[in-house]
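Work through the following exercises with the sequence and the 3D structure at hand. Each task is followed by a solution in steps.

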Amino acid sequence: MTNFAQTKEQFHLPKDIIYLDGNSLGPLPLAACSRVQDTMQNEWGELLIRGWNEASWFSQPISVGDRLARLIGAETGSVVVGDTLSIKIFQALGAALAMKPDRHVILSDRGNFPTDLYMAEGLIQSLDRGLQLHTPAPEAVEASIDESVAVLMLTEVDYRTGRRHDMKKLTAKAHAHGVITIWDLAHSAGALPLALSEAKADFACGCTYKYINGGPGAPAFMYVAPRHADNAEPILAGWQGHAEPFDFDLNYTAHAGAARMRVGTPPVLQMASLEAALDIWEQVDMHDVREQSIVLSERFIKSVERQCNQLKLASPRDPMQRGSQVSFHFEHGYQAIQALISRGVIGDFRAPDIMRFGLTPLYITEADVDAAADHIATVINERLWDNPEFMRKGTVT
Ligand SMILES: *Cc1c(COP(=O)(O)O)cnc(C)c1O
């Protein structure tokens with residue numbers, strides 16, 4: 001059994017704050033401070049350039065990838081870490097499209113995160129081979145899979161509502177029609193038990209600064225199924241994905257396996273904070289996380305709905321259809337979130353009217369959820385959101 005009291009102790013959580021935004025940026029693992037400081041002083045400071053060999057910086061994209069592989073049910077050697085999620089989506093899509101030269105449709109859904117769709121649009125323009133992006137409603141995706149589709153590119157858990165696609169079922173249907181799959185795990189990794197290998201996913205990508213708690217700007221990860229890894233074309237072929245980077249060969253030869261998806265120099269300091277976060281994940285069973293996430297989210301929904309009828313649940317009511325977040329529609333959601341933040345309850349807002357709360361068992365307790373629901377009821381029932389101070393929009397919502 002995972003000891004969640006023990007995991008909670010390993011995070012810095014500011015006093016008098018209930019943090020329900022770990023789905024956007026996870027909190028600071030206490031050990032990350034000393035880990036980053038150690039990397040700065042003893043590795044960068046003392047080793048200088050020797051750190052690439054002596055502190056194994058160069059192999060981190062693979063060694064850290066192997067630690068993530070355990071969390072997402074992937075084979076050792078199949079996960080590479082680096083760059084940002086947007087870039088990894090671009091690479092995965094480029095590789096997947098190259099595997100289906102005779103097909104012309106990229107199938108996604110209109111609930112997908114904009115950057116994923118922008119990456120697809122950019123590739124469509126630059127490849128200029130008559131590709132089209134289809135974005136039906138999420139519920140209509142399954143029926144849209146047919147022999148015209150080259151790639152099915154979906155985000156498993158919807159960033160706004162928390163609605164979850166059935167990865168295994170959709171992947172199986174895609175394969176039955178000869179379609180390559182790309183799963184964006186931004187709101188799945190560290191939130192749900194994942195079994196990429198068992199689901200027979202082709203490619204998957206995710207970020208490590210959300211549920212994984214790797215810190216702001218922590219690098220993305222990319223999974224390439226071993227059956228594709230030695231043939232996948234890394235559309236952004238960088239020197240660190242070359243078979244022999246230090247030969248400085250002017251002709252590109254891809255590295256064996258998923259390592260070919262490396263592009264350039266990895267962010268060593270961010271890797272240090274990510275490694276500290278992964279030390280906590282070593283103590284955790286993802287099935288326990290899922291079970292407790294459902295306990296927290298059911299309790300939260302029940303308490304909010306009991307106390308205020310102005311919020312309408314935007315997430316699926318069936319917990320099996322949700323990720324690890326709960327969202328509500330509310331016309332004045334932006335102001336309401338600002339009012340909650342002023343009271344120490346941090347969630348976030350997604351246009352047009354979604355109040356979003358991440359429920360993360362590693363550091364959120366049932367008492368936190370009860371207190372947060374009470375604050376929400378007070379803010380809504382007493383119209384505390386109706387204050388010009390809460391109208392001002394920051395750059396980041
Ligand atoms: C958070 C998120 C991203 C962010 O991409 P970055 O390149 O890391 O900024 C992309 N896709 C989805 C689905 C996300 O939720």
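A cavity is a set of points, on a 1 Å grid over the protein atoms alone, where a 1.4 Å probe fits but cannot get out, and its lining residues have an atom within 4 Å of a point. This is a predicted model, in which local features need pLDDT of at least 70 and side-chain atom pairs count only at pLDDT 80 or more, while totals for chains, interfaces and linings use all residues. Residues are numbered from 1 along each chain as its sequence is written, and side-chain values use heavy atoms, with hydrogens and water left out.

**Exercise 1. Describe the largest cavity: what is its volume, and which residues line it?**

Step 1. Searching the whole structure for cavities of 30 Å³ or more gives one.

Step 2. The volume of the largest cavity is about 60 Å³, where a volume is the space filled by probe spheres set on grid points joined across faces, edges and corners.

Step 3. Its lining consists of Gly190, Ala191, Tyr211, Asn213, Trp281, Val289, Ser324, Thr360, Pro361, Leu362 and Tyr363.

Step 4. Sort the lining by class, with Ala, Val, Leu, Ile, Met, Phe, Trp, Tyr, Cys and Pro as nonpolar, Asp, Glu, Lys and Arg as charged, and the others, Gly among them, as polar. The result is seven nonpolar, four polar and no charged residues.

Step 5. Domain 1 (4-30 + 285-390) and domain 2 (56-281) each supply at least three of the lining residues; the bounds come from an automatic or database domain assignment.

**Exercise 2. Is His242 buried or exposed, and which residues does it touch?**

Step 1. Locate His242 in the loop between helix H9 (226-229) and helix H10 (268-281). Helices (H or I, at least four residues) and strands (E, at least two) are DSSP runs, numbered from the N terminus.

Step 2. His242 counts as buried because its relative accessibility is 7%; buried means under 20% relative accessible area, exposed over 50%, and partly exposed in between (1.4 Å probe, protein chains only).

Step 3. Leaving out residues up to four places away in sequence, His242 touches Asp249, Asn251, Tyr252, Thr253, Ala254 and His255, where contact means heavy atoms within 4.5 Å.

Step 4. The side chain of His242 also has a polar atom 2.8 Å from the backbone nitrogen of Glu244, and reaches the backbone oxygen of Asn251 at 3.1 Å.

Step 5. For contrast, take Phe248, also in the loop between H9 and H10. Phe248 is exposed, with a relative accessible area of 55%, and has a positive phi of about 50° although it is not a glycine.

**Exercise 3. How many residues of helix H12 are buried, and what covers them?**

Step 1. Helix H12 spans residues 333-342, and eight of its 10 residues are buried.

Step 2. These are Gly333, Tyr334, Gln335, Ala336, Ile337, Gln338, Ala339 and Leu340.

Step 3. Their cover includes strand E13 (345-346), strand E14 (348-350), strand E15 (354-358) and helix H13 (366-381).

Step 4. Follow the chain onward. Gly344, just after H12, takes a positive phi of about 95°.

Step 5. Pro352 sits in the loop between E14 and E15, and the peptide bond leading to Pro352 from Ala351 is cis, with omega near 5°.

**Exercise 4. Where does Glu139 lie, and what separates it from His165?**

Step 1. Glu139 belongs to the loop between strand E6 (132-134) and strand E7 (149-155).

Step 2. With a relative accessible area of 64%, Glu139 is exposed.

Step 3. Glu139 and His165 are 26 residues apart along the chain, and their C-alpha atoms are separated by 8.8 Å.

Technical notes. On a 1 Å grid over the protein atoms alone, a cavity is a set of points where a 1.4 Å probe fits but cannot get out, and a pocket is an open set with protein on both sides within 12 Å along at least five of seven lines; lining residues have an atom within 4 Å of a point. A polar contact is a pair of N or O atoms within 3.5 Å; within protein, one must be able to donate a hydrogen and the other to accept it, and residues adjacent in sequence count only if both atoms are side-chain atoms.
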